[in-house]
Amino acid sequence: MRKLLRKLEYNHSLSEEEYEQVMDYIDWLRQNTPESYLLFCQQYGGILYQQYSTYLPPYPAGMDQLIEYLVRNSWAYKEIAALPATLSSFPRALHPYLLYMLHHDPRSLQSINIPDVAAADDTCSLPEPRKQPAVLKFEAANSNKEPGLKAHFERLSRFTFISRLQSYRYLTKHKAAQDRIEVVDGQCLAGIFTNKEKSIYYYIFLTEDNLAKAQLACQTLNTALYGSRKRS
């Protein structure tokens, strides 16, 4: 593994087999040694994202989960200004991330953009949290066929209103100008993921069939992943 990590450090390309070995090693660190996984993210996370579009979440819950929590609980947005005194107002899983951000980059917490629709409005809320783990489906049942796609799906699966993710075709001729997520119908969104080689279309299936909730889910995902407020 040291040889492969040195290749990452020097920005040397990994073969498909080497990339899969690194992904397996990351999964092992995540499951067995959280402290080592965090150090790995700090040292190699930026390289993997830049070179292979592979996102590694350093904490069990991070900015994505914070944004979803704020959309579901609009009152909590005011609590951010009073951190760390109001830390108990947030789920325990978010505490390590919030404490880290307070120490390293508190301004980013003060400038979070969340969808305009307040979660307190019962007519427009996020789909209900799923009761089972999200199902991830990849072309040819090969999760590492396209570098970065598995990590992207795993990132999306941390949003509790997603029940299933499925890649379904490639964008022909040219890569997409930018990745995005759009509404298909009340229970389904469509996304585009791009790595160094190509753009891939995929479906996001939601836990409820409700167009207004699907629009807010779309807006929440675009805000978290791309800083966009698109709703459809």
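Is Lys198 buried, partly exposed or exposed? It comes out as partly exposed, at 30% relative accessibility. Keep in mind that this is a predicted model. Here are my notes, starting with that lysine's salt bridge and then going through the sheet, the helices and the charged pairs.

1. **The Glu146 pair.** Lys198 makes a salt bridge with Glu146, and the closest N and O atoms are 3.5 Å apart. This one links distant parts of the chain: Glu146 sits in the loop between E1 and H7, Lys198 in the loop between E4 and E5, and 52 residues separate them. The two ends don't have matching surroundings, because Glu146 counts as buried at 9% relative accessibility, while Lys198 at 30% is partly exposed.

2. **The sheet.** There are five strands here, in an open sheet ordered E1-E2-E5-E4-E3, with mixed pairing. The edges belong to E1 (135-137) and E3 (181-185); each has a single partner strand, so one side of each has no neighbour in the sheet. On average, neighbouring strands are turned by 20° against each other, ignoring direction.

3. **E5 and its two partners.** As background, strands of a sheet pair through backbone hydrogen bonds, either parallel or antiparallel. E4 (residues 188-194) and E5 (residues 199-206) go together in the antiparallel sense over seven bridges, and E2 and E5 are likewise antiparallel over seven bridges. If you want to check the register by eye, Ile192 has Tyr201 of E5 as its bridge partner, Ala190 stands opposite Tyr203 in E5, and Ile162 stands opposite Leu206 in E5. The connection from E4 to E5 is a hairpin through four residues. E5 is largely enclosed by the rest of the structure, since seven of its eight residues are buried.

4. **Helices on the sheet.** H7 packs on the sheet and touches E1, E2 (162-170), E3, E4 and E5, with its direction at about 155° to that of E2. H8 also packs on the sheet, touching E2, E3, E4 and E5, and its direction makes about 165° with that of E3.

5. **How covered is H7?** Mostly: seven of its eight residues are buried. The buried set is Leu149, Lys150, Ala151, His152, Phe153, Arg155 and Leu156. Notice that this list includes charged-type side chains such as Lys150 and Arg155, which leads to the next point.6. **Lys150.** This residue belongs to helix H7 (residues 149-156). Its relative accessible area is 18%, so Lys150 falls on the buried side of the 20% limit. Its side chain is joined to that of Asp27 by a polar contact of 3.4 Å. Apart from neighbours within four places in sequence, Lys150 is in contact with Asp27, Phe138, Ser143 and Asn144.

7. **Asp27 and Arg30.** The side chains of these two meet in a salt bridge, 2.7 Å from N to O. Both residues lie in helix H2 (residues 16-32), three residues apart, or about one turn of the helix. Asp27 is buried, with a relative accessible area of 19%, whereas Arg30 is partly exposed at 30% relative accessibility. For Asp27, that 19% is under the 20% cut-off, so the buried label applies.

8. **Glu208 and Lys213.** Here the side chains form a salt bridge at 3.2 Å, N to O. Lys213 is found in helix H8 (residues 211-226) and counts as buried at 15% relative accessibility. Glu208, at 21%, counts as partly exposed. Beyond its neighbours within four places in sequence, Lys213 is in contact with Ser125, Leu126, Pro127 and Glu208.

9. **Salt bridges overall.** How many salt bridges does the count come to? The count is nine. Asp27, Arg30, Lys150 and Glu154 are joined into one network by salt bridges that share partners. If you open the model to look at this network, Lys150 in H7 and Asp27 in H2 are good residues to display together, given the 3.4 Å polar contact between their side chains.

Key: Residues numbered from 1 in each chain as written. Predicted model: local features only at pLDDT ≥ 70, side-chain atom pairs only at ≥ 80, totals over all residues. Heavy atoms only, no water. Helix = DSSP H or I, 4+ residues; strand = E, 2+ residues; numbered from the N terminus. Buried < 20%, exposed > 50% of the residue type's maximum accessible area, 1.4 Å probe, protein only. Polar contact = N/O pair within 3.5 Å; in protein donor to acceptor, adjacent residues only side chain to side chain. Contact = heavy atoms within 4.5 Å. Pairing = 2+ DSSP bridges. Axes fitted to C-alpha atoms, helices over the stretch in contact; angles between N-to-C directions. Salt bridge = Lys/Arg side-chain N within 4 Å of Asp/Glu carboxyl O.
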